[in-house]
Amino acid sequence: MTETPAPPMHLSGHLAPVPDEIEAFDLPVTGALPAELTGRYFRNGPNPLPGERTGHWFTGHGMLHGVRLRDGRAEWYRNRWVRTRELAGDPFIDEGGTVDLAANPANTHVIQHGEKILALCEAGYPYRVTPELGTVGPDDFDGRLITAMTAHPKEDPATGELHFFGYGFFPPYLTYHRLSASGELAESYEVAVPGPTMMHDFAITERYVVWLDLPMVFDLALADRGMPYRWDDAYGARIGVMPRSGPRKGEVTWFDVDPAYVFHVGNAHEDAQGRVVLDALRYDREAINGIWTQIGGTGHESAKAAAFLAARLHRWTLDPATGHPAETPLDDRDVEFPTLNDAHVGRAGRYLYAVSDGAVLKYDGGAHAGTYELGPHGNPGEAVFVPAAHGGAAEDEGWLLSIAGTPEGGSDLLVLDARDLTFQAAVHLPRRVPAGFHGNWFPDAA
Ligand SMILES: [Fe+2]
């Protein structure tokens, strides 16, 4: 008699998918929901169909979970798959080798820019969705976008423009794009890199775009795995600083750095000496190879599902005048999913937030400055910072929203005071929400 193999990490425990779409109204709340939190919290993540055995955590069909808050009440929860061509079964690359950028799972992030809410996955085009989580369809910005779009675009807080990029298996490996504040694709150009790598995130500062060209390289031989990337010692590792405007616009100064991988940037800014300071969550070779095995579904099934929260806050200081990088480890806690007050994207700021196995953490100036412990069943997801709406609010005045597991095996939308990480409220969701990727808070229009 043959035993059924245990499911891989991403199909079990708190990452296991849910089988259907539901909605519920007037959700129970413990604590006091701030009335100022009037809007929608949406979160994206992979959710294979019932019975489907996706090989890689990153390749499941995108599912959005939404919680509607208004005037201190939690009005509704609902979850919906994004109706992508990928969900309908269309191939990303057909037998003739043609790539369909709309046939991606739209499973990684959800943002609002201009009038659009977009579900994002770095493999292809964004999918526009409605405030009620219905799918409008793939969006290529009136036909102007001809590459994929990262799931981590950066909105400049001063100009309102959205900076992003697309990367791909085939040339051009990297293309920079900029959307106007109102959402027109204003500019696209190729950025030369040595080869195709998995480029999940990047950074901006007031004057620069910051590129992460790191040694998780594309390998066609791994194509059946869904995410065909592996560590390559020979590739090296470099961070690029590229002027956003001026006579050297688009010219990248590359800094060779100690080989590492970064999924997520915390933030970057220019210091008083004109250097670019990048704070990001760094994996060394051993750490990325360990989590990549788990994420890829080939790790040991008993491995702890939170083992992927294994990056450490690290600072690279890059001086365009000397071409010399300085590296500083900032903390030795294993964390992931960094967030900040988005008004400070690309600018100097004091605070970052992140999650670890069972806790939400705060950093002040790169130093650990507080922890909210959830206990053994906590499993907090990314903690999204929602700023207080009144004028003159301090950088950390606001709330952190995170979907977290409960001891009963369900999920709560947890609301913490971002200043001291104290508990404010928990919205008890009608079902477990699988641990996923990224989300956002969309406030009601003033
Ligand atoms: Fe991400």
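Q: Is Tyr353 buried or exposed, and at what relative accessibility?
A: In this predicted model, Tyr353 lies in strand S25, which covers residues 351–356. Residues count as buried under 20% relative accessible area. Tyr353 is therefore buried, with a relative accessibility of 1%.

Q: Which residues does Tyr353 touch, leaving out those up to four places away in sequence?
A: Contact requires heavy atoms within 4.5 Å. Tyr353 meets this criterion with Phe337, Pro338, Thr339, Leu340, Leu361, Lys362, Phe385, Asp396, Leu400 and Ala418.

Q: What distance separates the C-alpha atoms of Tyr353 and Gly370?
A: Tyr353 belongs to strand S25. Gly370 is 17 residues apart from Tyr353 along the chain, and the separation of their C-alpha atoms is 9.5 Å.

Q: Which two residues touch the most other members of the largest nonpolar core?
A: A second core of 27 residues, with Ala102, Ala119, Val129 and Phe442 among them, lies apart from the largest one. The largest nonpolar core has 77 residues. Within that core, the two residues touching the most other members are Trp211 and Leu278.

Q: With which residues is Leu278 in contact, neighbours within four places in sequence left aside?
A: Leu278 belongs to the largest nonpolar core. Its contacts outside the excluded stretch of sequence are Ala203, Val210, Leu212, Ile239, Val265, Asn267, Ala268, His314, Arg315 and Trp316.

Q: Is Pro228 buried or exposed, and what is its relative accessible area?
A: Pro228 is located in the loop between strand S16 (216–218) and strand S17 (229–231). Setting aside neighbours within four places in sequence, it contacts Phe169, Val217, Phe218, Asp219, Leu222 and Ala223. Pro228 is buried, and its relative accessible area is 3%.

Q: What is the separation between the C-alpha atoms of Pro228 and Ala369?
A: Pro228 sits in the loop that links strands S16 and S17. Ala369 is 141 residues apart from Pro228 along the chain, and their C-alpha atoms are separated by 38 Å.

Q: Where does Thr54 lie, and what is its relative accessible area?
A: Thr54 is placed in the loop between strand S3 (39–46) and strand S4 (62–70). Not counting residues up to four places away in sequence, Thr54 touches His10, Leu11, Pro48, Thr59 and Gly60. Thr54 is buried, with a relative accessible area of 12%.

Q: What is the omega value of the peptide bond from Pro171 to Pro172?
A: Pro172 is found in the loop between strand S11 (162–167) and strand S12 (174–179). The peptide bond from Pro171 to Pro172 is cis, and its omega is near -5 degrees.

Q: What is the phi value of Leu421?
A: Leu421 lies in the loop between strand S30 (411–417) and strand S31 (422–428). It is buried, at a relative accessible area of 4%. Although Leu421 is not a glycine, its phi is positive, at about 55 degrees.

Q: What is the phi value of Asn379?
A: Asn379 occupies a place in the loop between strand S27 (367–373) and strand S28 (384–387). This residue, other than glycine, has a positive phi near 45 degrees.

Q: What radius of gyration does the protein have?
A: The protein has one helix and 32 strands, and its C-alpha trace spans about 65 × 55 × 45 Å along the principal axes. Buried residues make up 57% of its 446 residues. A compact globule with 446 residues would have a radius of gyration near 22 Å, and the protein agrees with this, at 21 Å.

Key: Residues numbered from 1 in each chain as written. Predicted model: local features only at pLDDT ≥ 70, side-chain atom pairs only at ≥ 80, totals over all residues. Heavy atoms only, no water. Helix = DSSP H or I, 4+ residues; strand = E, 2+ residues; numbered from the N terminus. Rg over C-alpha atoms; globule rule 2.2 N^0.38 Å. Buried < 20%, exposed > 50% of the residue type's maximum accessible area, 1.4 Å probe, protein only. Core = buried A, V, L, I, M, F, W, Y, C linked by side-chain atoms within 4.5 Å.
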